[in-house]
Structure formats: structure tokens, C-alpha cells
Amino acid sequence: YFSGRPHINLDGLTNDDVAPYIKSNGLVDYLKLRRVRYIVDYAEMLKSPGLRRRGGYVDERVNRCIIPVRVLDTHPLKWQGSSFTLYEVQSNCL
């Protein structure tokens, strides 16, 4: 909102339509449907099995198609020891 660019809040607080996709492990399908090019999340969300399930990242396409671009938060107080990271969604492999 503040940047003036289109953003989708994947945690469901703003975009409730993503919640069913996350719950059914269809987040990758949602990203493809909405043509999402970049996401930002903590790296641990894409690594830890429990957190992957919680975030909708269990789909094997996540490992191939969601590529880390750069760490955004280098603050030493990280969430679960994890950095806030910008990822590019490679739409051609979804």
C-alpha cells in the first residue's frame, strides 16, 4: 500500500482469498493464478517442515520455482534465527 505498487499479503490478514490455498498446500497455484513475481518471508518458513506446512510451502515446486534473491533484514535479532528474505517466483517453472 505505502509503496504505491501492487502487493498481496499472503498471510491472509489482508487478502483472505489466499487462506484456502495455504491450508490446502496450493500456495504455488495461487502465486501462478495471481501472477505474483516476488514474495518476502523468513528463510526458515521455506526450510522447516512444520513451518513449510504452515505457510503453504510444502509443494515440491517451491524448491524449484521460488528462488532467494537477497536478504532484506540483517538485524541480529532474527525470527527463529532466520533472515527476512526476498524471493523471486519463477513463473516459467510453475
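# Reading a predicted model: a tutorial

Student: Is Arg 61 buried or exposed, and what is its relative accessible area?

Tutor: Arg 61 has a relative accessible area of 15%. Buried means under 20%, so Arg 61 counts as buried. Please keep in mind that the model before us is predicted.

Student: I should like to turn to charged residues. What is the general idea behind their pairing?

Tutor: Side chains of opposite charge can pair when their charged atoms come close. The present structure contains four salt bridges.

Student: With which residue does Asp 29 form a salt bridge, its closest N and O atoms being 3.0 Å apart?

Tutor: That partner is Arg 61. Asp 29 belongs to helix 2 and Arg 61 to helix 4, which spans residues 61-65, so this pair ties together parts that lie 32 residues apart in sequence. While Arg 61 is buried, Asp 29 is partly exposed, at a relative accessible area of 38%.

Student: How should I read the salt bridge of Asp 17, and which residue is its partner?

Tutor: Asp 17 forms a salt bridge with Arg 34, and their closest N and O atoms are 3.0 Å apart. To place the pair, look at the two segments: Asp 17 is in the segment before helix 1 (19-23), and Arg 34 is in the loop between helix 2 (27-33) and strand 1, so the salt bridge ties together parts 17 residues apart in sequence. Asp 17 is partly exposed, with 36% relative accessibility, and Arg 34 is also partly exposed, with 35%.

Student: Which residue meets Arg 64 in a salt bridge?

Tutor: Glu 60 does, with 2.8 Å from N to O. Arg 64 is partly exposed at 43% relative accessibility, and Glu 60 is partly exposed at 49%. One may also ask whether salt bridges share partners: Asp 29, Asp 59 and Arg 61 are joined in this way into one network.

Student: Let us move to the sheet. How do strands pair in general?

Tutor: Strands of a sheet pair through backbone hydrogen bonds, in either a parallel or an antiparallel sense. Here three strands form an open sheet, with antiparallel pairing and the order 1-3-2. The edges are strand 1 (38-42) and strand 2 (66-71), each of which pairs on one side only. On average, and ignoring direction, neighbouring strands of the sheet are turned by 35 degrees against each other.

Student: How many bridges join strand 2 and strand 3?

Tutor: There are five bridges between strand 2 and strand 3 (residues 84-89), and the pairing is antiparallel. To follow one bridge, begin at Ile 66: its bridge partner in strand 3 is Val 89.

Student: Which residues touch the most other members in the largest nonpolar core?

Tutor: That core has 19 residues, and those touching the most other members are Leu 27, Leu 31, Ile 39, Leu 46, Tyr 57, Ile 66 and Val 89. Helix 2, helix 4 and strand 3 are the elements that each give two or more residues to this core. Helix 2 gives the most, with four residues. Ile 66 and Val 89, the bridge partners discussed above, are thus both on the list of core residues with the most contacts to other members.

Student: What is a disulfide in general terms?

Tutor: A disulfide is a covalent bond between the sulfur atoms of two cysteines. One disulfide is found in the whole structure. Cys 65 and Cys 93 form this bond, with their sulfur atoms 2.0 Å apart. The pair links distant parts of the chain, 28 residues apart: Cys 65 is in helix 4, and Cys 93 is in the segment after strand 3. Cys 65 is buried, at a relative accessible area of 0%, whereas Cys 93 is partly exposed, at 22%.

Student: Lastly, I wish to understand backbone angles. What is the phi of Asn 25?

Tutor: Asn 25 has a positive phi of about 60 degrees, although it is not a glycine. Asn 25 is placed in the loop between helix 1 and helix 2 and is partly exposed, at 27% relative accessibility.

Student: Where is Arg 35 found?

Tutor: Arg 35 is in the loop between helix 2 and strand 1. Its phi is likewise positive, near 55 degrees, in a residue other than glycine. With 74% relative accessibility, Arg 35 counts as exposed.

Conventions. Residues are numbered from 1 along each chain as its sequence is written. This is a predicted model: local features need pLDDT of at least 70, side-chain atom pairs count only at pLDDT 80 or more; totals for chains, interfaces and linings use all residues. Side-chain values use heavy atoms; hydrogens and water are left out. Two strands pair if DSSP finds at least two bridges between them. Axes are lines fitted to C-alpha atoms, for helices over the stretch in contact, and angles run from 0 to 180 degrees between N-to-C directions. A salt bridge is a side-chain nitrogen of Lys or Arg within 4 Å of a carboxyl oxygen of Asp or Glu. Buried means under 20% relative accessible area, exposed over 50%, partly exposed in between (1.4 Å probe, protein chains only). A nonpolar core is a set of buried Ala, Val, Leu, Ile, Met, Phe, Trp, Tyr and Cys residues joined through side-chain atoms within 4.5 Å. A disulfide is a pair of cysteine sulfur atoms within 2.5 Å.
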